[in-house]
Amino acid sequence: MRKICIQDAKIINEGRSFIGSVLIEGDKIAEVREGKFPEEMVAGADQRIDATGKWLLPGAIDDQVHFRDPGLTHKGDIGTESRAAVAGGVTSFMDMPNTKPQTTTIEALEWKFNRGAEVSRANYSFFFGGTNDNMDEIRRLDRSRVPGLKLFLGSSTGNMLVDRREALERIFGETDLLIAVHAEKEEVIRRNIQYYTNLYGEDLGIAFHSKIRSEEACYRSSAEAVELATRLGSRLHILHLSTEKELSLLSNRLPLREKRVTGEVCVHHLWFHDGDYARFGNRIKWNPSIKTLADRTALRKAVNDDRIDIVATDHAPHLPEEKLGSCLKAASGGPLIQHSLVVMLELAGEGVFSYEKVVDKMAHKPAELFHIDRRGYIRPGYYADLVLVDPDKSWTVSKNNILYKCGWSPFEGYTFHHAVWKTFVNGELAYDDGRVIDEVRGRELRYEA
């Protein structure tokens, strides 16, 4: 069995930081200790890594990505985007169902699992999509294989809008799966489009995007989902929260394992605000939209006080030409997974979060929220999904180092001051100081009841 010893790293894990060492045997962590291992313990190691001056973190787990496979692979696919993931220190991902065909049948889900096993460099999993009429398929799902059910409560993310009240009541009332929602009220969005186009015409600039996909659109939809979940006893997870008002729907009074309503924020809503539209234009057009500076401040505070449970990306690549046009025509979404961890470390370096909080929200809490089997922590017996970070390396995002298939990033030109040095997936070195090891394959995530 292959042994790898990582010596003298600053280990950031479970709320504390210390200089220590980790022994990997095969695909799992065998031992963790402060200081060095005695020589007799590591004498037979196949590889020793001197990590002096580096930080060792559990690999990030991203619960919301759109890797575009199948059917939209001109802008991304599981192979290319998982390469970007491991380069960014993300060792596990959960992909969303709005592909072509949509992941709303068992057959389509199995295709994705097979594709992940074939090409993914990171560990992989796939949400199942709920529709107005696929309850029979939902009942057939194996709960140990899927993180949950994804519902789109706003139509812009594809033609998967679940808008029949009886369908929502049935799904929330009959499944024991976690229900993850994209919450934007379609009725409000359409009303806002009508209002602004009547005033200014069809060629609306990007500044109108957050007026159309407004605080009201987000809050009303999120509040309705919380009401359904509370009344019918469902587990609800609200994706990509973007407004201060929605935070009133969340609580930090219970430990995560006891919460029935949980929330996620994405890195772009923690980094950008609507004052950035003038500089970045459609490159920062997402659904839900980037909101105000006050909203961003409130979201950051909610990460720190645990009203928000996890941090993810909503990684959604589009070709540059697809991002052109008015705010009604340009595609919503952007590539983020290669840069999400360093974005959060950068914010920690600025004092917005602690480094321990970053690890908690990007590794520990996703593993706990979704009940993932033996991942998300640096613990003996857990899978060796690990990231070594150089905290003193400055580097600038450019076309030369972007790995997304779409070839661009909203962070182009920005200089970060932390860099991913090495990434291990199931004990295998998947990324090494600028190079993706393409032979490595991730594994299917498994979920405990």
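In strand E13, Gly-263 is the bridge partner of Ile-238, and Thr-262 is the bridge partner of His-237. These pairs belong to a parallel pairing of strand E12 (residues 236-238) with strand E13 (residues 261-266), made over three bridges. The model is a predicted one, and the description that follows starts from this pair of strands and works outward.

On its other pairing, E13 joins E14, again in the parallel sense and over three bridges. Here Val-265 stands opposite Val-311 of E14. Both pairings are part of an open sheet of six strands, ordered E9-E10-E11-E12-E13-E14, with parallel pairing. The sheet ends at strand E9 (128-129) and strand E14 (310-312), the edge strands, each of which pairs on one side only. Helix H8 (residues 215-232) packs on this sheet and touches strand E11 (179-182), E12 and E13. The direction of H8 makes about 170° with that of E12. As background for the bench reader, strands of a sheet pair through backbone hydrogen bonds, either parallel or antiparallel.

Strand E13 is mostly covered, with six of its six residues buried. The cover extends to both faces: Val-261, Gly-263 and Val-265 are buried on one side, and Thr-262, Glu-264 and Cys-266 are buried on the other.

Val-267 lies in helix H9 (residues 267-271). With a relative accessibility of 1%, Val-267 counts as buried. Leaving aside residues up to four places away in sequence, Val-267 touches Val-311, Ala-312, Leu-336, Ser-340, Val-343 and Met-344. Val-311 thus appears twice in this account, as a contact of Val-267 and as the residue opposite Val-265. The C-alpha atoms of Val-267 and His-315 are separated by 9.9 Å, and the two residues are 48 residues apart along the chain.

A further parallel pairing involves strand E6 (residues 60-65), which is joined by four bridges to strand E7 (residues 90-95). Val-65 of this pairing stands opposite Asp-95 in E7. Six of the six residues of E6 are buried, so this strand is largely enclosed by the rest of the structure.

Attention now turns to empty space inside the model. Rolling a probe the size of a water molecule over the atoms shows where empty space is left. Two cavities of 30 Å³ or more were counted. The largest cavity has a volume of about 40 Å³ and is lined by Leu-57, Pro-58, Gly-59, Ala-60, Leu-341, Val-358, Val-359, Met-362 and Ala-363. Strand E5 (55-58) and helix H13 (355-369) each supply at least two of these lining residues, and H13 gives the largest share, four residues. By class, the lining of the largest cavity has eight nonpolar residues, one polar and no charged.

The second largest cavity has a volume of about 30 Å³. Its lining consists of Ala-183, Cys-218, Ser-222, Ile-238, Leu-239, His-240, Glu-246 and Pro-288, which divide into five nonpolar, two polar and one charged. Ile-238 links this cavity to the E12-E13 pairing described at the outset, where its bridge partner is Gly-263. Another lining residue, Pro-288, follows a cis peptide bond from Asn-287, with omega near -5°. Pro-288 lies in the loop between helix H10 (277-280) and helix H11 (293-304).

A cis peptide bond also joins Asp-69 and Pro-70, with an omega of about 5°. Pro-70 is found in the loop between E6 and helix H2 (78-87).

Turning to open space, the second largest pocket has a volume of about 300 Å³. It is lined by 16 residues, of which Gln-338, Trp-395, Asn-401, Tyr-431 and Gly-434 are the closest to its centre. Strand E18 (419-425) and strand E20 (435-436) are the elements that give two or more residues to this lining. The pocket lining comprises eight nonpolar, five polar and three charged residues.

Two backbone details complete the picture, each a positive phi in a residue other than glycine. Phi of Asn-426 is near 55°, and this residue lies in the loop between E18 and strand E19 (428-432). Asn-426 is buried, with a relative accessible area of 3%. Phi of Arg-374 is also near 55°. Arg-374 is located in the loop between H13 and strand E15 (386-390) and, at 32% relative accessibility, counts as partly exposed.

Key. Residues numbered from 1 in each chain as written. Predicted model: local features only at pLDDT ≥ 70, side-chain atom pairs only at ≥ 80, totals over all residues. Heavy atoms only, no water. 1 Å grid on protein atoms, 1.4 Å probe; cavity = no way out; pocket = protein on both sides within 12 Å on 5 of 7 lines; lining within 4 Å. Points joined across faces, edges and corners; volume = space filled by probe spheres on them. Nonpolar A, V, L, I, M, F, W, Y, C, P; charged D, E, K, R; others polar. Pairing = 2+ DSSP bridges. Contact = heavy atoms within 4.5 Å. Axes fitted to C-alpha atoms, helices over the stretch in contact; angles between N-to-C directions. Buried < 20%, exposed > 50% of the residue type's maximum accessible area, 1.4 Å probe, protein only.
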